[in-house]
Amino acid sequence: MSPEDVRKELSEWLDANWDPNRPLIEWRNILVDGGWAAASWPEDSYGRGFDVRQMAVVNDVFSEKGIVGAAQAGPRRLAAETILAHGNTDQKKRFLRPILTGEHAWTQLFSEPGSGSDLAGASTKAELIDGKWIVNGQKVWNTSAHHADWGILVARTDWDLPKHQGLSYFLINLKQSGVEVRPLKQMNGHASFNEVFMTDAEVAAEDMLGTEGEGWAIATTTLSIERQGFARGRNQRSPREAKEGSIYVEFAEELAIANEPYSWYPQREGRPDLVMKRAMDTGAINDPVVRQEMAKLMSMSRAAQLAAKSAAAIRKAGSNEVVPAGSIGKLGASVIARQSAHVHTMISGADAMLSGSDSAEAGVIAETLVSVPAISIAGGTDEIQKNIISERVLGMPKEQRMDTGPFRDIKRN
Amino acid sequence: MTEYTQDQETFRDVVARFLQAKSTPADVRRLMDTDEGFDRAVWQQLCREVGLAGTHIPEEYGGFGFGPVELGIAAEEMGRYLYCSPFLSSSVMAGYAILNGASEANRQKLLPEIASGSTIATLVLDSVNAPEQVGRQLRATGNELDGAAPIVTDAHVADLLIVVAEGKEGLDLFSIASDADGVAIHAQDALDTTRKLSRVVLSGAVADKIGHLSEAGLEKTWNQISVALAHEMIGGAQQLFDSTLEYTKVRVQFGRPIGSFQALKHRCADLLLALEWAKAVTHHAAFCLCAGEEPETASMAKAMASDVYMEAARAAVQLRGGIGFTWEEDTHLWYKRAKASEVFMGSPHMHRERLLSQIEEAS
Amino acid sequence: MSELAEFREETRAWLAENCPDGARGPGEIHTGSTKVNFAADTQRWMEAMAERGWTVPNWPKEYGGGGLSTEETRVLYEEMLALGARAPLVNMGTRMFGPTLLEYGTEDQKQRHLTVIAQGGAAWCQGYSEPGAGSDLASLRCRAEDKGDYFLINGQKIWTSGAQYADWMFCLVRTDFEVSKHNGISFVLLPMDQEGVTVKPIELISGSSPFCETFLDNAIAEKRDLVGQLNEGWTVGKRLLQHERSGQGGLGTGAQRSRPVGVSIDLEVNEVLNDYVKDPAIAPELRDNVIDWKMRSAAFRLTQKRAGEESRDGKTPGEATSVFKFYGSTLAQDRQDLIVDLMGHHGVAWEGDGFSSDEIGAARSWLASRSVTIYGGTNEVQANIIAKRVLGLPD
């Protein structure tokens, strides 16, 4: 379908169906049935198989007309795309629609206190008892778990296999008595994450994604989707200007909840966008040393944008295969964030100590300085990204492993 | 946004194949020890068969009519193979100066010879540090030129000098034969012997005034040269990176390839990131020259390419260990070019300052 | 007056009287080589100091040393520094091999070799690295066969600094190929002037050739010149490396602080800044870099001093020497980078009348400085040693 045809068909469909006073969930069900909730998805999964160019038109039309689209905020996108890639027909049918309509919020249950960088070292245990998976263990860094309905979970189902082979991937209902969620406060004062304790929690047999032992392979898909997000930044925002209609109220409420854990995410990216303004406001723009550092920062930011575009072009030209380019982008985001924090510090001088509402940019600069350390840790540390880049992109030889053989014999925390 | 067309990729292959055969490290070593510093026969062949000297010169002046993108492709391959030739001096520097500053009649007269490679020209600037310093030493009184340019590339082999000198109303552009009276060319020995440098002294030399170079014209010329040079530099950086990576995969110490050590892996990953960034910006800068947009990307490209070339060169020596430090190993040829290119046409510091001023003005 | 103050007085007077003008300020330093003609003052200075045992002041008197205490040695160096006196004699014998032999040599070996070194009568070179054994030194394959009263040696050594001027080589050889790599190595001494030894200089990217390849074809080392026990040479060799690193980092001995091989000039970074950097738009940035370097340099000097004071006797450097090698070589390299940076395109001069000798020196020194993070153990290897031995991080 040509971009013009896409525009025409979508516009006509919206003219016939869009009503800003419909209840949010009802509207999104219509959107799903019309095939416009996730047009880039395959036709058998509510989509139209659109490519990047066609999707650009869809997004343009939505934003021109101020249409509320499918729910995207938060970790639900990770769940959706992973289910799309690895789920069976029944799972796609049961899980994808409520994700798109926003009825179900999701969280990611991967990291554990004892396995951070080494995700495959997870020791949360899942045992099949009387046709149900019984889960015991602790997860950590679970964004939005406090208001999530479901979780994507990696747990160990076989302790005698090597560590990557003994993991399985589950879709777990969090609204059950065996699951306890506790918030985790960070050094920047926010509490975006949680700890999740599972004590004899249950997962139905049909809620295993893929087959037993396939957990690591599937987790890799999720992680690579996540990394691309780091390089790209988050995308769902509420419409800029206030619009008439009850649906916008509902949508704003949904976003407020879903986006709350991410309110500091722009700050962890270093806020390079504020640098020029701050330099002008403070007069630091006249300091040649600051200027050099600003120029470096601006070059990096521009380069990262351009490099991401060519990486996207490569993906488009090739296949949907997940490429480690995400690791390069993520590493780049860390470098930029650190440089930006460095420049902000130079610009602010002693004022960088102040964090109140009357401080620089209403405290945003202060928050930036204590949020930046997170970007080179979350979603795989810089060190892990460099291992991935050197081994998978550059083909450098792997380091000798100390963690082969049955998992139960491996040294762990 | 940088995507090469099929034709452009084919052009790259043609240039690369030619240079791979004609500019081996052995060729480079042979030529760098000669006074001329390049192989006339090979240069002529490249001009005749590939038309390289006229890559970016419009068809009406006898060139190929390609733009900065194709020029960048050619320069990138030349940097990769460290091709010794007057290409940068004659086609890029003199060519662009004439295009930007000479009158129509003089373009008609001078460019076809440069585009065909039958004349070797070079651009005489009295400062290769920063555009605003140009014109402080070379003065024009009518058609008479006086003063010195301390660093001029390939002047020792040039037939024609294109001189930028300060006249009554700003910078004027002159052409003068290299063997004319009042022209003295002193070869300078320099760190990088694959690109020869001279000091050009003009004493009452009578030249042809071929046009005027406005401030904007000089800035544009400087940008065009910087972008071509940045391409050459990322080509060189890529070559160093590729060969170093290969070395870390085959060199065995402590019973394993040294590339399996995390210290080396992480250094290579960091370098890849820097290289990808510099490439993205440099390629984009060529597209911007075509479209007449974002002039600040030229300085961005030159600064980033300089930094990554030096970084790649440092790593290339360090990761090879002692062998990387020997004359016999080829790494130092690129290492020296990296340094020489870094300080030619403006240091990274100068370009970053220039970049910020441009962004400031735009905002 | 305390004894030390008395010693200082005497030393000062003696130095003033005996240090020739030609041995003050920067210039040639005696290496002990019998193959080199040194300037008259260099020779006279070395001989005068050797007579008092002050070429190696803290070695015992019976082996040609001065028998000075650590404090006295420090006083001597301070007085030399105050006078601008150069080190009278510096070579691998005084700095590395001698101190090692003092610990591991037999009485016979000490008698035969140390006195000659102290008297400036022999230069030594180091037969360690091989083409296949660089960072992984212990994988060396140079073979030594036991022939009764001598070893027959076959193999190739590389990066043997000054081999073309050396009279003797201390050499790591493999005497057992059947055991694990560290356990089959022996430490032997062999004269360079014999048929089985061929030396070929290696040209470096800076254009100079301070290093050599040394080919050993049926070269001979006498049995009495085996240092330490057979197959226990790794222990001796490693100890010697610690002396080497402390020397390169410049531990303690201000008067003979070593320079990177081939680094011929010693420009002050701030002077270069003042002379070359005029553009007001970028000068502050470069000044920032200069100040940063000077701060790191000062921190390094102070740390060295503190380490020197903390170690009870300055003669036995430990694993911490890797820190000095790592940081000292990085600083030296950064300094040359900075100077070339400051000079802009003047810093890429090679030779010729368009450039000053400082500029040409800067370019060559800059190239030469590439090697300081490689020789004597690359920075990568030093970092591994620091992590493991100094910080106690697991393998």
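**Close-up views of a predicted model**

**Figure 1. A:Trp141 lies in the loop that runs between β3 (132-140) and β4 (150-156) of chain A.** The model shown here and in the other views is predicted. Although A:Trp141 is not a glycine, its phi is positive, at about 65 degrees. Its relative accessibility is 48%, so A:Trp141 counts as partly exposed; the range for this class runs from 20% to 50%.

**Figure 2. B:Asp154 occupies the loop between β3 (144-153) and β4 (160-167) of chain B.** This residue, too, is other than glycine and has a positive phi, near 60 degrees. Is B:Asp154 buried or exposed? With a relative accessible area of 6%, B:Asp154 is buried, because the cut-off for burial is under 20%.

**Figure 3. A:Thr101 is part of helix α5 (residues 89-101) of chain A.** The relative accessible area of A:Thr101 is 0%, so the residue is buried. Which residues does A:Thr101 touch, when those up to four places away in sequence are not counted? They are A:Ile25, A:Arg28, A:Asn29, A:Val32 and A:Ala71.

**Figure 4. C:Leu230 sits in the loop between β8 (226-227) and α6 (233-249) of chain C.** C:Leu230 has a relative accessibility of 40% and therefore counts as partly exposed. Apart from neighbours within four places in sequence, its contacts are C:Phe151, C:Thr175 and C:Ser186. C:Asp21 gives a reference point elsewhere in the chain: 209 residues separate C:Leu230 from C:Asp21 in sequence, and the C-alpha to C-alpha distance is 48 Å.

**Figure 5. The largest cavity holds about 130 Å³ of space.** Eight cavities of 30 Å³ or more are found in a search of the whole structure. Residues from chain B and chain C line the largest one. From chain B come B:Val128, B:Ile151, B:Ala190, B:Asp192, B:Arg195, B:Leu197, B:Ala340, B:Ser341, B:Val343 and B:Phe344. From chain C come C:His345 and C:Val348. Which helix gives the most to this lining? Helix α10 (residues 331-343) of chain B does, with three residues. By class, the lining of the largest cavity has eight nonpolar, two polar and two charged residues.

**Figure 6. The second largest pocket encloses about 1,700 Å³ of space.** Its lining is made up of 46 residues. Nearest the centre of the pocket lie A:Lys296, B:Asp307, B:Met310, B:Glu311 and B:Arg314. Helix α9 (residues 296-320) of chain B contributes the most to the lining of the second largest pocket, with 10 residues. How do the lining residues divide into nonpolar, polar and charged? There are 17 nonpolar, 10 polar and 19 charged residues in the lining of this pocket.

**Figure 7. Chain A, the setting of A:Trp141 and A:Thr101, contains 13 helices and eight strands.** The radius of gyration of chain A is 23 Å, close to the 22 Å given by the globule rule for 413 residues, so the chain is as compact as a globular protein of that length. Along the principal axes, the C-alpha atoms of chain A fill a box of roughly 70 × 60 × 45 Å. Of the 413 residues in chain A, 52% are buried. Among contacts in chain A with a separation of 6 or more, 74% are between residues 24 or more positions apart. Chain A exposes about 18,800 Å², and 51% of this area is supplied by carbon and sulfur atoms.

**Figure 8. Chain B, the setting of B:Asp154, has 11 helices and 10 strands.** Its radius of gyration is 20 Å, which agrees with the value near 21 Å that a compact globule of 363 residues would have. The box filled by the C-alpha atoms of chain B is roughly 75 × 50 × 40 Å along the principal axes. Buried residues account for 65% of the 363 in chain B. Residues 24 or more positions apart make up 75% of the contacts in chain B with a separation of 6 or more. The exposed area of chain B is about 12,200 Å², of which carbon and sulfur atoms supply 49%.

Methods:
Residues are numbered from 1 along each chain as its sequence is written. Chains are lettered from A and ligands numbered from 1 in the order in which they are written. This is a predicted model: local features need pLDDT of at least 70, side-chain atom pairs count only at pLDDT 80 or more; totals for chains, interfaces and linings use all residues. Side-chain values use heavy atoms; hydrogens and water are left out. Helices (H or I, at least four residues) and strands (E, at least two) are DSSP runs, numbered from the N terminus. Buried means under 20% relative accessible area, exposed over 50%, partly exposed in between (1.4 Å probe, protein chains only). Contact means heavy atoms within 4.5 Å. On a 1 Å grid over the protein atoms alone, a cavity is a set of points where a 1.4 Å probe fits but cannot get out, and a pocket is an open set with protein on both sides within 12 Å along at least five of seven lines; lining residues have an atom within 4 Å of a point. Grid points are joined across faces, edges and corners, and a volume is the space filled by probe spheres set on the points. Ala, Val, Leu, Ile, Met, Phe, Trp, Tyr, Cys and Pro count as nonpolar, Asp, Glu, Lys and Arg as charged, and the others, Gly among them, as polar. The radius of gyration is taken over C-alpha atoms; the globule rule is 2.2 Å times the number of residues to the power 0.38. Accessible areas come from the Shrake-Rupley method with a 1.4 Å probe; for residues, only the protein chains shown count as cover.
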